[in-house]
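Subject: Structure handover

Hello,

Here is the structure I said I would pass on. Please open it alongside this email.

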Amino acid sequence: MIDQKELDRIYDYVLKLTIESGKVIREAIERSNKKIETKAGDWDLVTEYDKKVEKILIDNLAKEFPKHKFIGEETVSTTKCLPELTDAPTWIIDPIDGTTNFVHSFPFTCISIALSVNKELQLGIVYNPALEQLFTAKKGHGAFLNGKPIKCSNIKDLEHSLLCLETSFAIIEDIRDIVLGRLEAFVTIAHGIRTMGSAALSLCYVAMGAIEGYHSDNLMPWDVAAGVLIIQEAGGTVIDTNGGELKIIAPKIVAVGNAKLGNDLVKLIKHADSKTHLRRSMLKAAT
């Protein structure tokens with residue numbers, strides 16, 4: 001068990017470490033000679049800077065807190081095995097969320113780091129060093145952007161909402177029709193649609209009230225852990241795409257400013273998926 005005094009000490013340490021690590025991203029984002037590799041596919045990029053930032057974070061945190069565990073994107077990608085989230089204090093780290101943005105010098109990219117204790121999120125930090133946006137949250141203490149409190153939007157109607165949807169997954173052939181079907185549904189009803197290319201930042205933009213909702217399946221725990229806590233501390237709601245409780249270790253996410261909007265988005269997604277499955281059935285029957 002970690003008491004509040006120790007949690008505050010941990011927060012102060014990781015905050016300084018995150019800001020320091022951000023210098024690597026800020027100094028490298030404009031470089032044209034980044035070494036780029038792929039992981040799950042041509043669309044899933046990694047650079048030497050992803051690995052460098054994660055190493056800085058894990059090495060320093062492990063030295064300062066030797067009993068803590070880690071779930072880091074680049075570490076997991078080398079082992080091909082997602083660790084189980086236990087009751088032990090566990091850091092969930094994405095060293096560069098929005099790597100494709102980073103590769104193209106598009107400044108929506110960030111470090112995302114969260115601490116889970118007893119399977120509950122306790123600390124969340126999302127830092128965009130290119131735009132100097134630092135989102136922070138401690139469980140029970142509110143959410144902040146550069147030290148100022150933030151709150152989710154109170155808009156409850158889809159037709160008045162600006163929504164964020166991760167459309168890049170449409171490159172995956174097996175789920176392309178699902179992603180595009182949901183996009184069509186969102187476009188039809190929402191005030192506007194945006195795609196940022198960073199789950200962590202999209203979640204934080206929900207938390208600050210800049211967008212009303214964010215949805216994406218096909219994510220990993222490091223994409224969402226910090227942002228989920230930041231939204232919750234900003235008064236928002238985060239649920240599973242099916243409308244149930246979000247599972248951090250296998251997230252399919254609907255993040256919104258309020259429960260009504262969340263329920264309406266879940267219904268919209270289910271309706272869009274039913275139309276897609278009907279089209280699949282008709283195509284199969286025709287062949």
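Below is what was found, going from the sheet to single residues and then a pocket.

Note that this is a predicted model.

The sheet

The sheet is open and has seven strands. Their order is β3-β4-β5-β6-β7-β8-β9, with mixed pairing. β3 (69–72) and β9 (148–149) are the edge strands, each paired on one side only. Helix α2 (residues 48–64) packs on this sheet. It touches β3, β4 (90–97) and β5, and its direction makes about 155° with that of β4.

β5 to β8

Start with strand β5, residues 110–117, and strand β6, residues 120–128. They run antiparallel and are joined by seven bridges. One pair to look at is Ile113 with its bridge partner Ile125 in β6. Lys119 sits in the loop between β5 and β6. Its phi is positive, near 65°, though the residue is not glycine. Lys119 has a relative accessible area of 48%, so it counts as partly exposed.

Next, six bridges join β6 to β7, again in an antiparallel run. Here Val126 has Phe135 in β7 as its bridge partner. The hairpin of β6 and β7 has four residues between the strands. In that hairpin, Glu132 has a positive phi near 55°.

β7 and β8 come next. Strand β8 covers residues 143–145 and pairs with β7 over three bridges, in the antiparallel sense. Phe135 turns up here too, opposite Leu145 in β8. These two strands also form a hairpin with four residues between them. Gly140 in that turn has a positive phi of about 85°.

How well covered is strand β7 (residues 133–138)? Six of its six residues are buried. That holds on both faces. Gln133, Phe135 and Ala137 lie on one side, and Leu134, Thr136 and Lys138 on the other.

Three residues elsewhere

Is Ser21 buried or exposed? Ser21 belongs to helix α1 (residues 4–28). Its relative accessibility is 1%, and the cut-off for buried is under 20%, so Ser21 is buried. Beyond its neighbours within four places in sequence, Ser21 is in contact with Val53, Ile56, Leu57 and Ile111.

Ser105 is found in the loop between α4 (99–103) and β5. Its phi is near 60°, a positive value in a residue other than glycine. Ser105 is partly exposed, because its relative accessible area is 24% and buried needs under 20%.

Asn263 is in helix α8 (residues 259–286). With a relative accessible area of 45%, Asn263 is partly exposed. Its C-alpha atom is 12 Å from that of Ile253, ten residues away along the chain.

The second largest pocket

The volume of the second largest pocket is about 340 Å³. Its lining has 13 residues. Which of them lie nearest the centre? They are Lys119, Glu245, Leu246, Lys247 and Ile248. β6 and α7 (221–233) each supply at least two lining residues. By type, the lining divides into seven nonpolar, one polar and five charged residues.

One link is worth following on screen. Lys119, from the loop between β5 and β6, is among the residues nearest the centre of this pocket.

Best wishes

How values were computed
Residues are numbered from 1 along each chain as its sequence is written. This is a predicted model: local features need pLDDT of at least 70, side-chain atom pairs count only at pLDDT 80 or more; totals for chains, interfaces and linings use all residues. Side-chain values use heavy atoms; hydrogens and water are left out. Two strands pair if DSSP finds at least two bridges between them. Contact means heavy atoms within 4.5 Å. Axes are lines fitted to C-alpha atoms, for helices over the stretch in contact, and angles run from 0 to 180 degrees between N-to-C directions. Buried means under 20% relative accessible area, exposed over 50%, partly exposed in between (1.4 Å probe, protein chains only). On a 1 Å grid over the protein atoms alone, a cavity is a set of points where a 1.4 Å probe fits but cannot get out, and a pocket is an open set with protein on both sides within 12 Å along at least five of seven lines; lining residues have an atom within 4 Å of a point. Grid points are joined across faces, edges and corners, and a volume is the space filled by probe spheres set on the points. Ala, Val, Leu, Ile, Met, Phe, Trp, Tyr, Cys and Pro count as nonpolar, Asp, Glu, Lys and Arg as charged, and the others, Gly among them, as polar.
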